[in-house]
Amino acid sequence: QLQAFGGGLVQAGGSLRLSCVASGSIRSINGMAWYRQAPGKERESVARIAGSSGSTYYPDSVEGRFTISRDNAKNTVYLQMNSLKTEDTGVYYCAASRFYTANNSQYVYWGQGTQVTVSS
């Protein structure tokens with residue numbers, strides 16, 4: 001089970017840090033990711049991280065502004081979001097996969113989502 005925390009209302013240019021806490025160990029979970037869904041839009045991946053190598057991926061829309069990290073000892077994955085833009089508004093979900101993969105269908109464990117609202 002995954003639980004996401006840390007969403008809120010922030011002005012454009014501000015920062016937020018999201019946390020995703022797993023109820024069990026994430027050591028065997030190689031792929032951890034954050035997704036977001038804006039109103040009327042499809043869910044999109046905004047970051048993922050590999051447990052084995054620490055490799056990360058970001059789409060161009062957040063590259064340089066978002067940073068994903070994981071603390072296996074705390075069974076937690078973080079998403080540091082800086083220089084937030086109004087278009088970053090949405091519900092953010094954490095997800096887990098046995099594999100570090102770009103295949104969204106492999107992320108089968110999902111948290112409940114946390115709302116991020118960026119005001120202009």
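Two rings of Phe, Tyr or Trp, the last taken by its six-membered ring, are counted as a pair if their centres lie within 6.5 Å. With that rule in hand, this predicted model can be toured from its aromatic residues to its disulfide.

**Stop 1: the aromatic cluster.** Select Tyr-35, Tyr-93, Tyr-107 and Trp-110, which together form one aromatic cluster. The count of aromatic pairs in the model is three.

**Stop 2: Tyr-35 and Tyr-107.** Keep Tyr-35 and Tyr-107 in view and orient the display on their rings. The ring centres of Tyr-35 and Tyr-107 are 6.0 Å apart and the planes meet at 70°, so this pair is edge-to-face, the cut-off for that class being over 60 degrees. Colouring by position along the chain helps here, as the pair links distant parts of it. Tyr-35 belongs to strand β4 (residues 31–37), whereas Tyr-107 lies in the loop between β9 (90–97) and β10 (109–110). The two residues are 72 residues apart, and both Tyr-35 and Tyr-107 are buried.

**Stop 3: Tyr-35 and Trp-110.** Now replace Tyr-107 with Trp-110 in the selection. Between Tyr-35 and Trp-110 the ring centres are 4.8 Å apart and the planes stand at 50°, so the pair is tilted. This contact again joins distant parts of the chain, from Tyr-35 in strand β4 to Trp-110 in strand β10, 75 residues apart. Switch on a surface to examine the two partners. Tyr-35 has a relative accessible area of 3% and is therefore buried, since buried means under 20%. Trp-110, at 27% relative accessibility, counts as partly exposed.

**Stop 4: charges over rings.** Stay with Trp-110 and add Arg-43. The charged end of Arg-43 sits over the Trp-110 ring, 4.0 Å from the ring centre. Next, select Arg-48 together with Tyr-100. Here the charged end of Arg-48 sits over the ring of Tyr-100, at 5.9 Å from its centre.

**Stop 5: the disulfide.** Finally, select Cys-20 and Cys-94 and display the side chains. The model has one disulfide, formed by Cys-20 and Cys-94 with their sulfur atoms 2.1 Å apart. Turn the view along the S-S bond: the angle about that bond is 65°, and the link of Cys-20 and Cys-94 is right-handed. Cys-20 is in strand β3 (residues 16–22) and Cys-94 in strand β9, so that the bridge links distant parts of the chain, 74 residues apart. With the surface still on, note that Cys-20 and Cys-94 are both buried.

Note on methods:
Residues are numbered from 1 along each chain as its sequence is written. This is a predicted model: local features need pLDDT of at least 70, side-chain atom pairs count only at pLDDT 80 or more; totals for chains, interfaces and linings use all residues. Side-chain values use heavy atoms; hydrogens and water are left out. Rings of Phe, Tyr and Trp (its six-membered ring) pair if their centres lie within 6.5 Å; planes under 30 degrees apart count as stacked, over 60 as edge-to-face and the rest as tilted. Helices (H or I, at least four residues) and strands (E, at least two) are DSSP runs, numbered from the N terminus. Buried means under 20% relative accessible area, exposed over 50%, partly exposed in between (1.4 Å probe, protein chains only). A charge sits over a ring if NZ of Lys or CZ of Arg is within 6 Å of the ring centre and within 35 degrees of the ring normal. A disulfide is a pair of cysteine sulfur atoms within 2.5 Å.
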